Amino acid sequence: MNFSEVFKQSNHLCKVSPDGKYLATCVQYRLVVRDLSTLQILQLYTCLDQVSHMEWSSDSLFILCAMYKRGLVQVWSLEQPDWHCKIDEGSIGLVSSRWSPDGRHILNTTEFHLRITVWSLCTKAVSYIKYPKACQKGIDFSRDGCYMALAERRDCKDYVSIFVCDDWHLLRHFETETQDLAGLEWSPNGCVLAVWDSCLEYKVLLYSLDGRLLSTYCAYEWSLGVKSVSWSPSSQFLAIGSYDEKVRILNHITWKKIIQFEHPATIDNTKAIVYKEVDRRPAVVSDELSLHNITMGSTLFSTQSKYEICPLPVQIPVVKPEPDRANPKIGVSVLAFSSDSRYLATKNGSFQVQSLKWHCSGDSVILLGKDQLCLCYMDTDYEEK
């Protein structure tokens, strides 16, 4: 494995373009675009203030830079470096900015979620959407980019509005049976919209495109409820992660639970293979302790690591949540399906896991690392063994 030189960045703003050809990084108020194969600088742009958010358009032709403190958005073009766009929201402020799926419209959310402003780069037209709700996931686009679902709050009630992304006209508007809507998400095929309530009430609602309620699911009552929701790529399964540290899978025909997974602290399944990271320090010979080796940055004192197979059962390190603090780290917070919808990776709040990601091939092997490091990979050729 080879590593490049270290590049500067600010606010963790470093993103690869959707086509995989470019790398964009922000350093204070500068935007740097590099060729990903050679890492040579292709374009250097200067923004009006320090960049808070940066995002590529879907076709990798434009880059959005948002400066929330000043309520500004600047758009830069890779094909025409001299062209640029500036959007000023004025005194109403700016808390969020994002691209539409077509990469030609920008959606700005103002302070206090008073409205969403849709700016068109092609026609310079402006559209306004009122009453957006400030919640965990209040806006979602269908996979084909044709529709946008928006959570709204008006008259102390929750609503969902479905807009057509071509001209942003309202297609459907309906009230949801939620006390405090927390999020919504389209199924990959765009036929069903999943809506879930806040953590104070366990409720998941399934709506059709025309606003009909297809089904309601509730696993239990009088306890903290839904924490995460994720569709499988095939749209056949809906995974629900809960605060009780369990994952429930619903099917797309009857919308009933077909299976439930728990997160035991001890792994004793004979089919599971657990790899544990172990530090390994190289032996130091006295002849190697020279001033030259030390000053030249030798790896003489560097720590290497390897992975060893742990005998079963294995006790997974668990961090006990502090109940007297807000937002305790309990429950299933991350759900990730493999590309073929055969496997599901989860992150439980009490486990020392930072992130979960699947390779496009869908393979997996679980590597438990030290200091809250976890690498996931699974060899499906041996799943039967």
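**Close-up views of strands, hairpins and ring pairs**

**View 1. The sheet β21-β22-β23-β24 is open and built from four strands in that order, with antiparallel pairing.** In this sheet, β21 (226-231) and β24 are the edge strands, and each pairs on one side only. Neighbouring strands are turned against each other by 20° on average, direction ignored. The model shown here and in the other views is predicted. Strand β23 (residues 246-251) pairs with β24 over five bridges in the antiparallel sense. One pair of bridge partners is Arg-248 and Gln-260, the latter in β24.

**View 2. Ile-258, Ile-259 and Phe-261 make a nonpolar surface patch of about 250 Å².** Ile-258 belongs to strand β24 (residues 257-262), which is an edge strand of the sheet in View 1. The relative accessibility of Ile-258 is 45%, so this residue counts as partly exposed.

**View 3. Strand β15 (residues 157-164) is largely enclosed by the rest of the structure, because seven of its eight residues are buried.** Strand β14 (residues 147-154) runs antiparallel to β15 and is joined to it by eight bridges. Arg-153 has Asp-158 of β15 as its bridge partner. The two strands form a hairpin with two residues between them, and Asp-155 in the turn has a positive phi of about 55°.

**View 4. Strand β15 also pairs with strand β16 (residues 170-175), which runs antiparallel to β15 and is joined to it by five bridges.** Val-160 has its bridge partner, Phe-174, in β16. The hairpin of β15 and β16 has five residues between the strands, and Trp-168 takes a positive phi near 60° there.

**View 5. A further open sheet has four strands in the order β1-β2-β3-β4, paired antiparallel.** At its edges stand β1 (14-16) and β4 (41-46); each has a single partner strand, so one side of each is left without a neighbour in the sheet. From one strand to the next, the twist averages 15°. Within the sheet, strand β2 (residues 22-27) and strand β3 (residues 30-35) run antiparallel and are joined by six bridges. Ala-24 stands opposite Val-33 of β3.

**View 6. Tyr-22 and Trp-56 are shown as one of eight aromatic pairs found in a search of the whole structure.** The Tyr-22 and Trp-56 rings are stacked, at 6.2 Å centre to centre and with 20° between the planes. Tyr-22 lies in strand β2 and Trp-56 in strand β5 (residues 53-56), so the pair ties together parts that are 34 residues apart in sequence. Tyr-22 has a relative accessible area of 22% and is partly exposed. Trp-56 counts as buried, because its relative accessibility is 7%.

**View 7. The rings of Tyr-202 and Tyr-217 form an edge-to-face pair, because their planes stand at 70° with the centres 6.1 Å apart.** Tyr-202 lies in the loop between β18 (192-197) and β19 (204-208), whereas Tyr-217 lies in strand β20 (residues 213-217), so the pair ties together parts that are 15 residues apart in sequence. Tyr-202 is buried, with a relative accessible area of 2%. Tyr-217, at 11% relative accessibility, also counts as buried, the cut-off for buried being under 20%.

**View 8. Phe-62, Trp-83 and Trp-99 are linked into a cluster by ring pairs.**

Conventions: Residues are numbered from 1 along each chain as its sequence is written. This is a predicted model: local features need pLDDT of at least 70, side-chain atom pairs count only at pLDDT 80 or more; totals for chains, interfaces and linings use all residues. Side-chain values use heavy atoms; hydrogens and water are left out. Buried means under 20% relative accessible area, exposed over 50%, partly exposed in between (1.4 Å probe, protein chains only). Two strands pair if DSSP finds at least two bridges between them. Patches are made of residues with over 30% relative accessible area and no salt bridge: like charges are joined within 9 Å, nonpolar side chains (Val, Leu, Ile, Met, Phe, Trp, Tyr) within 5 Å. Accessible areas come from the Shrake-Rupley method with a 1.4 Å probe; for residues, only the protein chains shown count as cover. A salt bridge is a side-chain nitrogen of Lys or Arg within 4 Å of a carboxyl oxygen of Asp or Glu. Axes are lines fitted to C-alpha atoms, for helices over the stretch in contact, and angles run from 0 to 180 degrees between N-to-C directions. Rings of Phe, Tyr and Trp (its six-membered ring) pair if their centres lie within 6.5 Å; planes under 30 degrees apart count as stacked, over 60 as edge-to-face and the rest as tilted.
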